[in-house]
Amino acid sequence: MKTMTDANLAVARVAYACSDVAFIYPITPSSPMGEKADEYMAAKRPNIWGAVPEVVEMQSEGGAAGAVHGAVSAGAVASTFTSSQGLLLMIPNLYRIAGELLPAVFHVAARALAVHGTCIFGDHSDVMACRQTGIAMVASSGVQEAQDLALISHAATLESRVPFMHFFDGFRTSHEVQKIDQVDNATIRAMIDDRFVAEQRERGLSPEHPIIRGTVQNSDVYFQGREASNRFYDVLPGIVQRTMDHFAELTGRAYHLFDYHGAPDADRVIVVMGSGSETVRETVDALVEAGEKVGVVTVRLYRPFDTSALVAALPATVRAITVLDRTKECGSEGEPLYLDVLGAVDRACRTGAARSSRPAT
């Protein structure tokens, strides 16, 4: 079904349908997501399991993240929404939620942080500040993708047990009104596997089934635990891609960890993440029509960063790559996405994997 909506409202509909509980605190430009979820609850709209989710406004974004931690620890399926400085207040809880392998989804309308000044419009400085927490990070480029990847994130977090941050650009996408193909309730229901929901509920803390979490540890045991988490992140890109493939079977809209668009024999490629990819794609189409050998890679799964998937998305003919970051990391040799791409390409060149390529779309 076609519908006119913006990304905030499209994401809120999916998140509400896939949650037992949502904890909210308003901050521009993510506020409409929480407001819409609260509106759904007031109207007693059921989620995909036939229950009315509880939407609770907390005293701050830190409280919202802490409440998510508590809810998922108890076996609930939970989500929240935020931006910018609000997301920074959630970082301590992101470490714990990821470290304890608790599925949840944080929907973020990415926005510039307050540094020398305050800006309410979108860049990626807030989400980039969270990349070391262990949370998986999925980026949407437009309104249609924001709805679709929100659902993919909710499905993938339950299977992988790794919490997800699904983000899209503040105002440029969050408030952009577009006509999209709305996912119906049957599709949302088909995407969420009840096996993983049941497992999440069974892991919930209960006096009837006592377990211990969050112990204080010495460095020898602590770091063994950190290394033991690798296996969950090693398989996560595969889980996300399988979830994307399942979504494509249900809707016909296909996504990949990295999507290439442009000339199959491009020698110049731009790598970009977020709403800028839509503009770059249109520019690439115009240049290819004019005879230029150019292309663009759009990043969908940013964390974990799957280097082999990125290299596979690049044409074997590429000779120059430009990376467009939307953040400033003072004192660094380069911005985060640039350094990730640089490392992936360097590794591929040293191992010989750079000879592989993926057909253009």
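## Close-up views of a predicted model

**View 1. Phe-106 and its surroundings.** Leaving aside neighbours within four places in sequence, Phe-106 is in contact with Ala-65, Val-68, Thr-80, Met-90, Leu-94, Ile-97, Ile-135, Phe-164, Met-165 and His-166. As you explore this view, keep in mind that the model is predicted. Phe-106 also belongs to the largest nonpolar core, which has 101 residues. Together with Met-165, Phe-258 and Leu-337, Phe-106 touches the most other members of that core. Which helix gives the most to this core? The answer is α7, with 9 residues. There is also a second, separate core of 5 residues, and Val-272, Val-280, Val-294 and Val-296 are included in it. Here is a helpful background idea: in soluble globular proteins, nonpolar side chains tend to be buried together.

**View 2. Met-165 in strand β7.** Strand β7 covers residues 164-169, and Met-165 is found there. Is Met-165 buried or exposed? Its relative accessibility is 0%, so Met-165 counts as buried. Setting aside neighbours within four places in sequence, Met-165 is in contact with Leu-87, Leu-94, Phe-106, Val-108, Val-127, Cys-130, Ile-135, Ala-136, Met-137 and Val-138. You may recognise Phe-106 from the first view, where Met-165 is listed among the contacts of Phe-106. For a sense of scale, try finding Pro-53: Met-165 and Pro-53 are 112 residues apart in sequence, and their C-alpha atoms are 20 Å apart in space.

**View 3. Helices α1 and α7 side by side.** Two packed helices are described by the angle between their axes and the distance between the axes. For α1 (residues 7-17) and α7 (residues 143-160), the angle is about 20 degrees and the axes are 8 Å apart. Angles under 35 degrees count as roughly parallel, and α1 and α7 are therefore roughly parallel to each other. The crossing of α1 past α7 is right-handed. On the α1 side, the contact is made by Ala-7, Ala-10, Val-11, Arg-13, Val-14 and Ala-15. On the α7 side, Val-143, Ala-146, Gln-147, Ala-150, Leu-151 and His-154 take part. Sorted by class, this contact of α1 with α7 has 9 nonpolar, 2 polar and 1 charged residues.

**View 4. Helix α7 meets helix α12.** Here α7 packs with α12 (residues 236-251) at an angle of about 130 degrees, and their axes are 9 Å apart. How are α7 and α12 placed relative to each other? They are oblique to each other, and their crossing is right-handed. From α7, the contact uses Asp-148, Leu-149, Leu-151, Ile-152, Ala-155, Ala-156, Glu-159 and Ser-160. From α12, the contact uses Leu-236, Ile-239, Val-240, Arg-242, Thr-243, Met-244 and Phe-247. The residues of this contact of α7 with α12 divide into 10 nonpolar, 2 polar and 3 charged. Look for Leu-151 here, a residue of α7 that also takes part in the contact with α1.

**View 5. Helices α3 and α5.** Helix α3 (residues 61-73) packs against helix α5 (residues 91-99) at an angle of about 15 degrees, with 9 Å between their axes. The helices α3 and α5 are therefore roughly parallel to each other. Is their crossing left-handed or right-handed? The crossing of α3 and α5 is left-handed. Gly-62, Ala-65, Gly-66, Val-68 and His-69 of α3 make the contact with Asn-93, Arg-96 and Ile-97 of α5. By class, the contact of α3 with α5 has 3 nonpolar, 4 polar and 1 charged residues.

**View 6. Two cis peptide bonds.** One cis peptide bond joins Thr-28 and Pro-29, with an omega of about 0 degrees. Pro-29 sits in the loop between β2 (21-24) and α2 (31-42). Another cis peptide bond joins Arg-303 and Pro-304, and its omega is about -5 degrees. To find Pro-304, look in the loop between β12 (301-303) and α14 (307-313).

**View 7. Positive phi at Lys-44 and Arg-161.** Lys-44 is not a glycine, yet it has a positive phi of about 55 degrees. Its place is in the loop between α2 and β3 (54-57). With a relative accessible area of 64%, Lys-44 is exposed. Arg-161, also not a glycine, has a positive phi of about 75 degrees. Arg-161 lies in the loop between α7 and β7. At 25% relative accessibility, Arg-161 counts as partly exposed.

Conventions: Residues numbered from 1 in each chain as written. Predicted model: local features only at pLDDT ≥ 70, side-chain atom pairs only at ≥ 80, totals over all residues. Heavy atoms only, no water. Axes fitted to C-alpha atoms, helices over the stretch in contact; angles between N-to-C directions. Helix = DSSP H or I, 4+ residues; strand = E, 2+ residues; numbered from the N terminus. Parallel < 35°, antiparallel > 145°, perpendicular 65-115°, else oblique. Left-handed = near helix turned anticlockwise from the far one by under 90°. Contact = heavy atoms within 4.5 Å. Nonpolar A, V, L, I, M, F, W, Y, C, P; charged D, E, K, R; others polar. Core = buried A, V, L, I, M, F, W, Y, C linked by side-chain atoms within 4.5 Å. Buried < 20%, exposed > 50% of the residue type's maximum accessible area, 1.4 Å probe, protein only.
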